[in-house]
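User: I would like to learn how to read the enclosed empty spaces in a protein model, and which residues surround them. Could you take me through the general idea and then the case at hand?

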Amino acid sequence: MGDENIREPLLKKKYYENCSGCKVEQAKELNKGLSILNLSIIWMVVLCAALPISSLFPFLYFMVRDFNIAKTETDIGSYAGYVGSAYMLGRSLTSILWGMIADRYGRKPVIIIGVISVVIFNTLFGLSTSFWMAVIMRFFLGSLCGVFGPVKAYATELFREEHQAIGLSTFSAAWGIGLIIGPALGGYLAQPVEKYPHIFPKDSFWDKFPYALPCFIMSGFAFAGAIACIWIPETLHNHNGCNESTYDAEALGKGSNGANKDNMTKKNLNLFLNWPLMSSIIVYGVFSLHEIAYQEVFSLWAVSPTRLGGLNFTSDNVGDVLAISGVALIIYQLTLFPYFENACGPVSIARISGVLSIPLLQSYPFIAMLSGITLYIVISIASILKYILQVTIVTGLFILQNRLVEQHQRGAANGIAMTAMSLFKTIGPATGGAILSWSQKRMNASFLPGTHMLFFIMNVVEALGVLMMFKPFLGEKNKTIIV
């Protein structure tokens, strides 16, 4: 009888009238279906923050050239690298802080501040008139836009457990689409006076600030998103200053004193001592390094001449392939991924995707031997598969990380994950570009000539990440952690 009396209140939920988190929990209890509105919230917030990340890459070379800071043409790439890395550096320094703020004051304030920072600093970046202004604006954008970690926690808390996979896959899809649409907008809309002289006359505002148009359009979208965020729900519980879940705290205390102390210990567990969480974050960092290197290398390799192992594509051809991949990615994330995740689990599906990515990527140098419409079709299919496998791995790790910590630590946990990712992504672009240049100088080598070596090295990183997803490195969920 005594055990039954303890077990019953442990399962009882208590809702607090003035707690916004409790209202979200009640809504999930009443509505067991999938909320399209909540999916739209996640999509909007992530897209607002993701669009500016890589939108500058198509025009960055020309922007740095116009600053007249590089003494020679060969120095432009180095200065462009500094501008490109400033965002990731800023984000790596503040991600944990924003996660802690989200755990203390709520997800919603951090989301609104982050989206507003996009409006301000992305606009100012488009108006940059000097190299250092561009670097500083990108640094502040990365530092103050701390939404990605809290939004991952938000996507977990906004949905019932059976729908959390599609919530996080929506995060990944919006992230991936932002990284595809952003560069497309940057490429098509930068220098509009040169590209569309009949619409944008010479000596106009757009001639003085040739890189402002794509930034203005993305900032305008973020401004609309910031206004919409005023009405999004807060998921963090606040019960008289204590961020507890809806499970009755009094009921948890009705067990033995030892059980109560044990519960308090679990709640205050140092995240850095949570090995299952930290191991998954390290794996996430390795795959982030591979991801950013691939994003840069693919475009550079595709536009390289065939004599250097490239596809001899134009920038429009590359944009077409990425656009097709983006559409396919949306369809996959919203339809097939939740079923695969439910059938295999987040870790298993990430392992399978990692293994399949290795032979796919190593086939790229052989795809370069094709020509005409056959080349276009095959590389489009390969790109679709690569992005699908890549996002599947990341989403699986997202789900795992959010299930390894309690709600009051999810913001900080995702902040740590974003810091690790940002640090790895800070070195990814420079490393990938350097390896591509080196591989193209050894086209006649006897061992892995040309780009065969490039994709082999990238596969080594991928294989390392796959191995790290197995025991003993990737820890299992501790049974003492409340999910």
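Analyst: Helices (H or I, at least four residues) and strands (E, at least two) are DSSP runs, numbered from the N terminus. This is a predicted model, in which local features need pLDDT of at least 70 and side-chain atom pairs count only at pLDDT 80 or more, while totals for chains, interfaces and linings use all residues. Residues are numbered from 1 along each chain as its sequence is written, and side-chain values use heavy atoms, with hydrogens and water left out.

User: How many cavities of 30 Å³ or more does the structure hold?

Analyst: Rolling a probe the size of a water molecule over the atoms shows where empty space is left. A cavity is a set of points, on a 1 Å grid over the protein atoms alone, where a 1.4 Å probe fits but cannot get out, and its lining residues have an atom within 4 Å of a point. Grid points are joined across faces, edges and corners, and a volume is the space filled by probe spheres set on the points. The structure holds four such cavities of 30 Å³ or more, and the largest has a volume of about 80 Å³.

User: Which element gives the largest share of the lining of the largest cavity?

Analyst: H20 does, with four residues; helix H9 (164-189), helix H15 (275-303) and helix H20 (372-403) each supply at least two. The lining includes Phe171, Trp175, Tyr284, Glu291 and Phe398.

User: What space lies in the second largest cavity?

Analyst: The second largest cavity has about 40 Å³, and its lining residues include Arg91, Trp98, Cys145 and Met418. Helix H5 (76-105), helix H8 (148-157) and helix H21 (407-440) give two or more residues each to this lining.

Definitions and conventions
1 Å grid on protein atoms, 1.4 Å probe; cavity = no way out; pocket = protein on both sides within 12 Å on 5 of 7 lines; lining within 4 Å.
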